[in-house]
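Let's take a walk through a protein together. Have a look at the sequence and the structure below, and then we will go through them step by step.

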Amino acid sequence: MTFRQAAWDEPSIWDLAPARKASAPPTIPGIPDRLRRKEAARWPELSELEVVRHYTRLSQMNFGIDTAPYALGSCTMKYNPKVSEMLARRPGAAGLHPYQPEATVQGALELAWRLERLLAKVTGLSEVSLQAAAGAHGEWAALLMVRAYFRDRAELERRTEVLLPDTAHGTNPASAMMAGFTTREIASKDGCVDLAALRSAVGEHTACFMLTNPNTAGLFESDILEIAETVHGAGGMLYYDGANLNAILGITHPGRMGFDVAHLNLHKTFATPHGGGGPGAGVLAAGEALAPYLPVPRIAKDGRTFRFDYDRPKSIGKIKTAYGNFGLDLRAYAFALTHGEEGLQHVARRAVLNSNYLALRMGESLPRPFRRLVKHEFLLSGAPLKARGVRTLDLAKRLLDEGVHAPTVYFPSLVEEALMIELPETESKRELDQYIAAFARAVADSPEHLRAAPRSLAVGRIDEVQAAREPRLSWKDLRAAAAKVETPGPVGPAP
């Protein structure tokens, strides 16, 4: 039994701790009666040592990038440098308030202004806004810009359709629908956009074609110039989903490929924190045609002074209460300056090298649907596992027993039993070899073990439907769930 199991087999401290006796809540002047507690909160009576051990054990049950690699395809889960974290936690940065007077945040405004120009160079597009809160937010805002552009040209009534490849990220069609467009899927051919299918689909109703390059299969769309010419020839706009920019960083850029507007994920490319439900950054970049429609405010420089500029008559307006997320902007800027131009190019080259090395070696365990060279990520098919009575999901759970994170599974849908794998440039060859070995062991394991996995973690195979319908979100939920169990047993947090 591992320490992680032993820690979990103990009863929860919230169940063992006697609750503090309820008493009348304290009277605090100025709080309306409707907002006052009717009775005092019932806090468990615990020693500091008990609390420290409880949360330390929980941290040991968690998986993080500081623990082992994340092989999540399409997500680029790279290491977050500690120097960037320290800079973002300095009082001068962490203590800022979004509504401070502009005169008191000149340094922050200058940093954001400089980052915008750096990202304009990275994307090859003329203007950049840091305002969007996340990638999907940036997608939606970009499509609102496209909508406003066609409204100004009196074409909006007929420009109602957004085209999407069948490898598109799931947020792309959702963003298009939220922006008021209908969507049409374009088929792939050998993992890339079928140019003939695209040519037959574009027309007077086309507002935009949303595309990722390299795409979700990890392949570079080699027909990108013809794709851009086809879309622009029909009067439409070309949108760049920047989720996979890590593969081409400093080597080429969306502007060179003919894209009109793009969003970037700072967490995927510039090593800011990713996931956990925290704040994000979905940077917007636009070429000359769409730049006037970027959201307000914009950061303007007057001599040596920086200010927010709301005088943008064609802007789609404000899409977020505060301007961007300064903590993430600071981390991204530090990452970019630390690497420099040549270093950012090395990031892309190393990411592509890692991906091709993994694809070659892991392709010995499961088939690769596309055999040519890949960029940042690649696809495997778990279809052969079905002959043994197991599925890709079982393999993913079995990998957790190896102490590594599972890759993305069942996406994109054009590959049967798909696994999408990416270990970015921050992973060493030693880590890659360990992941390859773990993967080979998992694939070769018995069907019984695969279907029963994971067996070494605090939480085993769960009923995901029930977990979604009846989540346990507080210690009260745990106590209520434990009371329903006739035979006493370990009580844990929600899966």
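In this predicted model, the count of salt bridges comes to 26. If the term is new to you, here is the idea behind it: side chains of opposite charge can pair when their charged atoms come close. A good one to start with is the pair formed by D33 and R36, whose side chains meet with 3.3 Å from N to O. The two partners sit in different surroundings: D33 is exposed because its relative accessible area is 58%, over the 50% cut-off, while R36, with a relative accessible area of 27%, is partly exposed.

Now look for E425 and K78, another pair of side chains joined by a salt bridge, here with an N to O distance of 2.9 Å. Where does each partner of this pair lie along the chain? E425 belongs to the loop between β14 and α15 (429-444), whereas K78 belongs to the loop between α3 (48-61) and α4 (82-89), so the bridge links distant parts of the chain, 347 residues apart. Are E425 and K78 buried or exposed? E425 has 9% relative accessibility and therefore counts as buried. K78 is buried too, with a relative accessible area of 3%.

A further salt bridge joins E341 and K121, at 3.6 Å from N to O. This pair also links distant parts of the chain: E341 is in helix α13 (residues 326-362) and K121 is in helix α6 (residues 106-123), 220 residues apart. Here the partners are exposed, E341 with a relative accessible area of 54% and K121 at 59% relative accessibility. Salt bridges can also share partners, and in this way E127, R298, D302, R307, D309 and R312 are joined into one network.

Let's step back to the whole chain. It is divided into domain 1 (1-20 + 41-62), domain 2 (84-338), domain 3 (348-452) and domain 4 (463-495). Take domain 2 and domain 3: their C-alpha centres lie 30 Å apart. Domain 2 gives 21 residues to the contact and domain 3 gives 19 residues. About 1,500 Å² of area is buried between domain 2 and domain 3, and carbon and sulfur atoms give 64% of that area. How many salt bridges cross the interface of domain 2 and domain 3? The number found there is 0.

Next, pick out helix α7 (residues 135-152), which offers a nice little calculation. At 1.5 Å a residue, its 18 residues should span 26 Å, and this agrees with the 26 Å between its end C-alpha atoms. Helix α7 is mostly covered, with 13 of its 18 residues buried. After α7 comes A154, which has a positive phi, near 60 degrees.

For a view of a strand, find A262 in strand β8 (residues 261-265). A262 is buried, with a relative accessible area of 0%. Leaving aside residues up to four places away in sequence, A262 touches L125, Y240, V283, L284 and A285. The C-alpha atoms of A262 and V128 are separated by 9.3 Å, although these residues are 134 residues apart along the chain.

What about the cysteines? A disulfide is a covalent bond between the sulfur atoms of two cysteines. The structure holds 0 disulfides. C192 is in no disulfide, and the nearest cysteine sulfur, that of C208, is 19 Å away. That is too far for a bond, because a disulfide needs the sulfur atoms to be within 2.5 Å. C192 counts as buried at 8% relative accessibility, and C208 counts as buried at 0%.

Finally, turn to some details of the backbone. The peptide bond from N213 to P214 is cis, with omega near 0 degrees, and P214 lies in the loop between β6 (206-211) and α10 (224-233). Another cis peptide bond runs from A453 to P454, with omega near -5 degrees; P454 is in the loop between α16 (447-452) and α17 (464-469). D190 is not a glycine, yet its phi is positive, about 60 degrees. D190 sits in the loop between β4 (188-189) and β5 (192-193) and counts as exposed at 59% relative accessibility. E417 also has a positive phi, near 50 degrees. E417 is found in the loop between β13 (408-409) and β14 (418-421), and at 7% relative accessibility E417 counts as buried.

Definitions and conventions: Residues numbered from 1 in each chain as written. Predicted model: local features only at pLDDT ≥ 70, side-chain atom pairs only at ≥ 80, totals over all residues. Heavy atoms only, no water. Helix = DSSP H or I, 4+ residues; strand = E, 2+ residues; numbered from the N terminus. Expected span 1.5 Å × (residues − 1). Buried < 20%, exposed > 50% of the residue type's maximum accessible area, 1.4 Å probe, protein only. Contact = heavy atoms within 4.5 Å. Domains from an automatic or database assignment. Buried area = accessible area lost by both parts, 1.4 Å probe. Salt bridge = Lys/Arg side-chain N within 4 Å of Asp/Glu carboxyl O.
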